[in-house]
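Trainee: I'd like a close look at one part of this structure rather than a quick tour. Pick a spot, stay with it for a while, and then work outward from there.

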Amino acid sequence: MYNEDEYLMLSGLQHFMFCRRQWALIHIEQQWEDNYRTVDGQIMHRNVHDETFHEKRGDVIITRAMAVSSSELGLSGECDVVEFHKDSKGVEIFGFDGNYSVTPIEYKRGSPKETLTDAVQLAAQAMCLEEMLCCNIPFGYLFYGETRRRRIIDLDAELRQQVKKAAEEMHELYRRSYTPKVRRSRSCNACSLKNICLPSLYNNKSAEDYVRKMLRGE
Ligand code: SF4
């Protein structure tokens with residue numbers, strides 16, 4: 001169990017799953033560099049978050065930018081959209097009649113990825129909602145800007161375990177204030193921090209070697 005002052009940003013999970021070093025540069029060292037991907041993503045999220053806080057459409061309540069947190073995971077953040085569908089097996093929602101099932105929806109630019117990065121972030125949101133509302137959330141959706149479609153995500157035990165493991169590792173690195181070393185991968189090409197991270201520098205044997213080579217004009 002974590003205290004509120006220990007909570008880390010839930011949205012950091014996507015950075016952490018993409019690259020641990022990227023997460024540490026942003027969330028431990030507070031470095032940031034806007035590029036097309038991050039700016040575009042922010043605009044899309046702003047559009048989701050700018051609308052009315054919640055609305056009711058028939059038996060469905062739609063809530064935007066709902067604040068969520070989990071003392072078990074030590075994470076806090078926002079859900080882009082949470083839908084509450086009238087369901088006799090669901091939970092009571094303050095201010096509304098009846099019971100409702102709970103479904104988080106996370107908006108992403110681009111198209112569905114092969115990695116579990118987006119699914120892990122969605123699962124973390126669901127786990128926060130479960131802790132806050134004392135409910136079970138078996139699935140959620142990822143909505144992609146390019147395809148303009150929702151993709152259903154089964155929030156199974158394996159995915160939940162990935163969330164727990166990532167949250168634990170994030171807290172451990174944060175506590176030690178440790179930024180992992182560069183591990184070059186295909187992710188580096190699409191990384192918004194590649195100019196800060198300087199993966200080509202770390203490709204050399206050491207920083208000292210690099211500087212020596214630079215001085216020799218190699
Ligand atoms: S450039 Fe590569 S190693 Fe560096 S933060 Fe980005 S993904 Fe991670």
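Mentor: Let's start at glycine 140, which counts as buried because its relative accessibility is 0%, and the cut-off for buried is under 20%. Keep in mind as we go that this is a predicted model. Glycine 140 sits in strand β6. Its C-alpha atom is 5.3 Å from that of isoleucine 153, although the two residues are 13 apart along the chain.

Now slide along to phenylalanine 143, which belongs to that strand too, since β6 covers residues 139–144. Phenylalanine 143 is also buried, because its relative accessible area is 13%. We'll come back to its ring in a moment.

What lies over the face of tyrosine 141? That would be arginine 150, at 4.9 Å from the ring centre. There's a second case of this kind: arginine 176 lies over the face of tyrosine 178, at 4.8 Å from the ring centre.

Next, look at the loops on either side of β6. The loop between α4 (117–133) and β6 holds cysteine 134. Cysteine 134 isn't a glycine, yet it has a positive phi of about 50°. Its relative accessible area is 67%, so it counts as exposed. On the other side, arginine 148 is in the loop between β6 and β7 (149–154). Arginine 148 has a positive phi too, about 55°, and again it isn't a glycine. With 58% relative accessibility, arginine 148 is exposed; the cut-off there is over 50%.

Now for contacts between parts that are far along the sequence. Arginine 109 and glycine 145 are 36 residues apart in sequence, but their C-alpha atoms are 4.5 Å apart in space. You'll find arginine 109 in the loop between β5 and α4. It's partly exposed, because its relative accessible area is 24%, and that falls between the cut-offs of 20% and 50%.

Back to the rings. The model has three aromatic pairs. One of them is phenylalanine 16 with tryptophan 23, an edge-to-face pair with 5.5 Å centre to centre and 85° between the planes. Both phenylalanine 16 and tryptophan 23 are buried. Another pair brings us back to β6: tyrosine 107 and phenylalanine 143 have ring centres 4.8 Å apart and planes at 35°, so this pair is tilted. Tyrosine 107 is in strand β5 (residues 99–108) and phenylalanine 143 is in β6, so the pair ties together parts that are 36 residues apart in sequence.

Follow tryptophan 23 and you land in helix α2, where it's among the buried residues. That helix spans residues 20–27 and is mostly covered, with seven of its eight residues buried. Besides tryptophan 23, the buried ones are Arg21, Gln22, Ala24, Leu25, Ile26 and His27.

And Gln22 takes us to the ligand. Which residues come nearest to it? Of the nine around the ligand, they are Cys19, Gln22, Cys188, Cys191 and Cys197. That shell divides into seven nonpolar residues, one polar and one charged. As for the space taken by the ligand, it's the largest cavity.

Terms used
Residues numbered from 1 in each chain as written. Predicted model: local features only at pLDDT ≥ 70, side-chain atom pairs only at ≥ 80, totals over all residues. Heavy atoms only, no water. Near = heavy atom within 4 Å. 1 Å grid on protein atoms, 1.4 Å probe; cavity = no way out; pocket = protein on both sides within 12 Å on 5 of 7 lines; lining within 4 Å. Sits in = over half its atoms within 2 Å of the grid points. Nonpolar A, V, L, I, M, F, W, Y, C, P; charged D, E, K, R; others polar. Phe/Tyr/Trp six-rings, centres within 6.5 Å; stacked < 30°, edge-to-face > 60°. Buried < 20%, exposed > 50% of the residue type's maximum accessible area, 1.4 Å probe, protein only. Helix = DSSP H or I, 4+ residues; strand = E, 2+ residues; numbered from the N terminus. Lys NZ or Arg CZ within 6 Å of the ring centre and 35° of its normal.
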